[in-house]
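Colleague: I've got the file open and a few things to ask. Mind walking me through it?

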Amino acid sequence: GMTMLLGLRLLGADVIQSLGICDINTNNTERLEMEMNQVRYPFAGTADASYPMLPPVGIVDEASLFACDVFIFCASKGVPPVGVVGDVRMSQLEANLELVRHAAALAGEAAFKGLVCIVSDPVDPLCRAFFMESGLCPAQIQGYGLGVMNARACYYAERNEAYSRYLTEGRAFGPHGQDLVLADSLSEYNDALSRQLTGLVVHANSMVRELGYKPYIAPALSSAALSILLTLRGQWHYGSVYLGDAGNGAYFGVKNRMTEQGPVYEDAAVCSLLYERLKQAYVNLAELPWK
């Protein structure tokens, strides 16, 4: 959350009036209130408009969580330590479900009319849990995990000519995890290369962990801060939107943008091989025992 907060403050002055933070660790919120508000341009607020004012950061209590236009959920009940193998995103589902349900109940009680951004892992199931618990319209909730998967795909595409088409023709779909679907090209899809690239991206998390670090910088900025700002500006970005009917659907990552009528997603024409991958990823999300 801290890295995301920094990105929002530095880059979001055009669409953010103020930023509120809430944490059970009051020392952390007090520290962030001081430090974030001490990140600023010199001479901001003077007659020289080339030094912009950044949105102020303030502390809010739980009772005021939904007195806002946009609520960002980035709490986590224990990120797996370095050394844990496997898909650490899904391992956080049970722990984070408790937290997201609590926040969702508060949103429902407040009859929240704004946008809910889910950043915590696993993004897509937590979006669905928030929707089912809160009673909000599904279009009010969006998950932010796919942006970094696209960014990681670009990273590998820049370093291996075999995947270079992804940079201009590719697309990312699905969840922030094992069922991720990358297409090296929408117009000339190569299944083998796309699956290879997908494998590299899915395991990019583990590669950082093998170096002894938790991989949070790129997700906090590519998936969260940058993608949320693009959402607020009505620009195309990657995020998980609700697809399906109210009882049996799932939040699924796609290229989309926010409009006055709600999110609009890219309805891309895809070949049968890619469609089957997308279908399986969607079915797996829809069948998750989120309850």
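Colleague: Let's start with strand β3: which residues make up its covered face?

Modeller: Bear in mind that this is a predicted model. β3 covers residues 70-73, and its side chains split over two faces. Val70 and Ile72 sit on the uncovered one. That leaves the covered face to Phe71 and Phe73.

Colleague: And in β4, what is the bridge partner of Val70?

Modeller: β3 and β4 run parallel, joined by 4 bridges. β4 itself spans residues 115-118. Within that strand, Val70 of β3 pairs up with Leu115.

Colleague: Which residues are buried on the two faces of β4?

Modeller: Here both sides are covered, whereas β3 has an uncovered face with Val70 and Ile72. One side of β4 carries Leu115 and Cys117, the other Val116 and Ile118. So the cut-off of under 20% relative accessible area is met by Leu115, Cys117, Val116 and Ile118.

Colleague: Moving across the sheet, which residue of β5 stands opposite Ile118?

Modeller: β5 is residues 141-143, and it pairs with β4 in the parallel sense. The pairing runs over 3 bridges. Opposite Ile118 you'll find Gly143.

Colleague: Over to the helices. At what angle do α3 and α4 pack?

Modeller: We're talking about residues 93-109 for α3 and 123-134 for α4. Their axes are 8 Å apart, and the crossing is right-handed. The packing angle is about 35°.

Colleague: How many residues of that contact between α3 and α4 are nonpolar?

Modeller: The α3 side includes Leu93, Leu97 and Val100, and the α4 side includes Pro125, Leu126 and Phe130. There are other kinds in the contact too, with 3 polar and 2 charged residues. The nonpolar count is 11.

Colleague: Why is α4 described as largely enclosed, and how many of its residues are buried?

Modeller: α4 has 12 residues and reaches 16 Å from first C-alpha to last, close to the 16 Å expected. Its buried residues include Asp124 and Arg128, along with Phe130 and Phe131. It is largely enclosed by the rest of the structure because the buried residues number 10 of the 12.

Colleague: What happens just after α4, and which residue takes a positive phi there?

Modeller: α4 ends at residue 134. Just past the helix, phi goes positive, at about 80°. The residue in question is Gly135.

Colleague: Is Thr3 buried or exposed?

Modeller: Thr3 is found in helix α1. Away from its sequence neighbours, Thr3 touches Tyr216, Ile217, Ala220 and Leu221. What covers the buried residues of α1 includes α9, residues 217-232. With a relative accessible area of 17%, against a cut-off of under 20%, Thr3 counts as buried.

Colleague: What about Gln17: buried or exposed?

Modeller: Gln17 lies in the loop between α1 and β1. Beyond four places in sequence, Gln17 does have contacts, with Pro55 and Pro56. Still, its relative accessibility is 72%, so Gln17 counts as exposed.

Colleague: Last one: how many Å apart are Gln17 and Leu54 in space?

Modeller: Along the chain, Gln17 and Leu54 are 37 residues apart. In space, going C-alpha to C-alpha, the distance is 8.7 Å.

Technical notes
Residues are numbered from 1 along each chain as its sequence is written. This is a predicted model: local features need pLDDT of at least 70, side-chain atom pairs count only at pLDDT 80 or more; totals for chains, interfaces and linings use all residues. Side-chain values use heavy atoms; hydrogens and water are left out. Axes are lines fitted to C-alpha atoms, for helices over the stretch in contact, and angles run from 0 to 180 degrees between N-to-C directions. A crossing is left-handed if the near helix is turned anticlockwise from the far one by less than a right angle, and right-handed if clockwise. Contact means heavy atoms within 4.5 Å. Ala, Val, Leu, Ile, Met, Phe, Trp, Tyr, Cys and Pro count as nonpolar, Asp, Glu, Lys and Arg as charged, and the others, Gly among them, as polar. The expected span of a helix is 1.5 Å times one less than its number of residues. Buried means under 20% relative accessible area, exposed over 50%, partly exposed in between (1.4 Å probe, protein chains only). Two strands pair if DSSP finds at least two bridges between them.
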